[in-house]
Amino acid sequence: MTEDKVQLIADCIKESVINTIQVQMSVSSQVTKVNPSASPEQWGAVRCISSLALDSDTFRGTLTLAVSEKALINIIEKLTGEAPQEITTENSDAAGELLNIIYSSARKKINVDGALNFTPSLPSTIIGANLQMATSSSVDTMLFFDCKSELGSFFIALSLRKKNKEQQH
Amino acid sequence: MFPANTRILVLDDMMTMRKIVIKNLKDLGFTDIQDAADGNLGWDILNQSSPPIQLIISDWNMPNCTGLELLKKVRADERMKAVPFVLLTAEAETHQVMEAVKAGVSNYILKPFTPEHIKEKIEQTYKKTAGSAA
């Protein structure tokens with residue numbers, strides 16, 4: 001993938017994170033860093049990870065959101081008006097919904113401005129204690145987005161790999 | 001505006017999004033709200049509800065039966081074809097909007113949205129469809 005396309009995707013995701021948090025939760029946020037390598041020591045204890053599959057004619061990959069229990073409880077309270085005591089399988093879908101909106105909003109611009117055709121995808125969400133996101137050397141592009149707001153921090157990872165000829169549509 | 005006792009069906013596979021929409025509807029004064037996690041469950045409610053559902057707010061992208069598939073079923077059914085149907089979606093590409101319009105969608109709400117967006121879209125929908133499902 002060319003550098004300008006990677007930059008376009010990174011910019012679209014950043015813009016979508018800020019817009020989604022602002023519109024849906026009336027809270028301002030910042031994407032403070034976009035790095036090609038993870039800095040998991042800054043992530044704290046990740047309680048929930050939501051991920052969706054990315055697929056286009058020429059690329060496949062994943063977009064993943066990682067969030068701590070405290071930040072996710074704050075997000076759920078802001079979204080629904082109810083503050084849960086803990087994160088459960090049921091209420092953790094808030095992380096999936098957040099990722100879904102971020103991706104869907106970014107996807108439109110990525111497809112139009114980047115002449116790519118990423119398809120819609122539904123997120124899958126898991127919860128656990130001190131979850132980790134591993135990186136892989138087999139992907140062509142890996143970007144980590146550090147996102148901060150008054151609700152707490154969360155992290156987004158983008159990985160993309162060019163399809164071989166047999167995999168292309 | 002739709003009266004406060006309008007029976008509303010909210011469909012989304014994400015519980016959190018259903019809660020967000022229901023909270024917004026309650027804040028607008030609506031009191032009779034039912035919800036389900038996909039179009040198949042929604043179809044069951046539409047067939048069983050008495051009094052009948054008078055407004056549907058449905059996510060587009062759901063497993064089993066999508067919002068668009070449910071819209072087509074509703075519009076093909078004599079009993080409920082006039083029920084106002086609002087699609088809730090994060091997808092707003094032109095061809096998708098055209099597809100929904102062709103299928104008879106009354107309005108759509110784009111995610112992310114504010115409570116003001118919901119109010120505005122419901123008011124628009126009422127003006128467009130006033131009395132049609134009565």
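**Exercise 1. State which strands of chain B helix α2(B) lies across, and give its angle to β1(B).**

Solution. Helices and strands are DSSP runs (H or I over at least four residues for helices, E over at least two for strands), numbered from the N terminus. Helix α2(B) spans residues 39-48. It lies across β1 (7-11), β2 and β3 of chain B. Its direction is at about 165 degrees to that of β1(B). Axes are lines fitted to C-alpha atoms, for helices over the stretch in contact, and angles run from 0 to 180 degrees between N-to-C directions.

The model is predicted: local features need pLDDT of at least 70 and side-chain atom pairs count only at pLDDT 80 or more, while totals for chains, interfaces and linings use all residues. Residues are numbered from 1 along each chain as its sequence is written, and chains are lettered from A and ligands numbered from 1 in the order in which they are written.

**Exercise 2. Describe the surroundings of Ile45(B), a residue of α2(B).**

Solution. Step one is burial. A residue is buried if 20 or more other C-beta atoms lie within 10 Å of its own, exposed if 12 or fewer, and partly exposed in between, with C-beta atoms placed from the backbone. Ile45(B) has 16 other C-beta atoms within 10 Å, so it is partly exposed.

Step two is contacts, which require C-beta atoms, placed from the backbone, to lie within 7 Å. Not counting residues up to four places away in sequence, Ile45(B) touches Leu9(B), Gln34(B), Ala36(B) and Ile53(B). Gln34(B) is 11 residues from Ile45(B) along the chain, and their C-alpha atoms are separated by 8.4 Å.

**Exercise 3. Give the strand order of the sheet in chain B and identify its edge strands.**

Solution. The sheet is open and has 5 strands in the order β2-β1-β3-β4-β5, with parallel pairing. Two strands pair if DSSP finds at least two bridges between them. The edge strands β2 (32-36) and β5 (107-110) of chain B each pair on one side only. From one strand to the next, the twist averages 20 degrees.

Next, take the pairs that involve β3(B). β1(B) and β3(B) pair in the parallel sense over 4 bridges, and Leu11(B) stands opposite Ser58(B) in β3(B). 4 bridges also join β3(B) to β4(B), which run parallel. Across this second pair, Ile56(B) stands opposite Phe85(B), Ser58(B) opposite Leu87(B) and Asp59(B) opposite Leu88(B).

**Exercise 4. Work out how many residues of β3(B) and of β4(B) are buried.**

Solution. Start with β3(B): 5 of its 5 residues are buried. Leu55(B), Ile57(B) and Asp59(B) lie on one side, and Ile56(B) and Ser58(B) on the other.

For β4(B), 5 of the 5 residues are buried, so the strand is largely enclosed by the rest of the structure. Phe85(B), Leu87(B) and Thr89(B) point one way, and Val86(B) and Leu88(B) the other way.

Now take one residue from each strand. Asp59(B), in β3(B) (residues 55-59), counts as buried because it has 28 C-beta neighbours inside 10 Å. Leaving aside neighbours within four places in sequence, its contacts include Asp12(B), Asp13(B), Met17(B) and Thr89(B). The unreviewed UniProt entry annotates Asp59(B) as "modified residue: 4-aspartylphosphate"; such annotations may be inferred rather than shown by experiment.

Val86(B), in β4(B) (residues 85-89), has 25 C-beta neighbours inside 10 Å and so counts as buried. Beyond four places in sequence, Val86(B) is in contact with residues including Ile57(B), Tyr108(B) and Lys121(B).

**Exercise 5. Describe the interface of chains A and B, then the crossing of α3(A) with α1(B).**

Solution. Count first: 21 residues of chain A are in contact with 17 residues of chain B. On the chain A side, α1 (3-25), α2 (69-80) and α3 (93-113) each supply at least two residues. The largest share, 9 residues, comes from α3(A). By class, this side has 7 nonpolar, 10 polar and 4 charged residues. Here Ala, Val, Leu, Ile, Met, Phe, Trp, Tyr, Cys and Pro count as nonpolar, Asp, Glu, Lys and Arg as charged, and the others, Gly among them, as polar.

Then consider the helices. The axes of α3(A) and α1(B) (residues 15-27) come within 7 Å and cross at roughly 80 degrees. The two helices are therefore roughly perpendicular, a term for angles of 65 to 115 degrees. Asp93(A), Ala94(A) and Glu97(A) of α3(A) make the contact with Met15(B), Thr16(B) and Met17(B) of α1(B). This contact has 3 nonpolar, 1 polar and 2 charged residues.

Key: Contact = placed C-beta atoms within 7 Å. Parallel < 35°, antiparallel > 145°, perpendicular 65-115°, else oblique.
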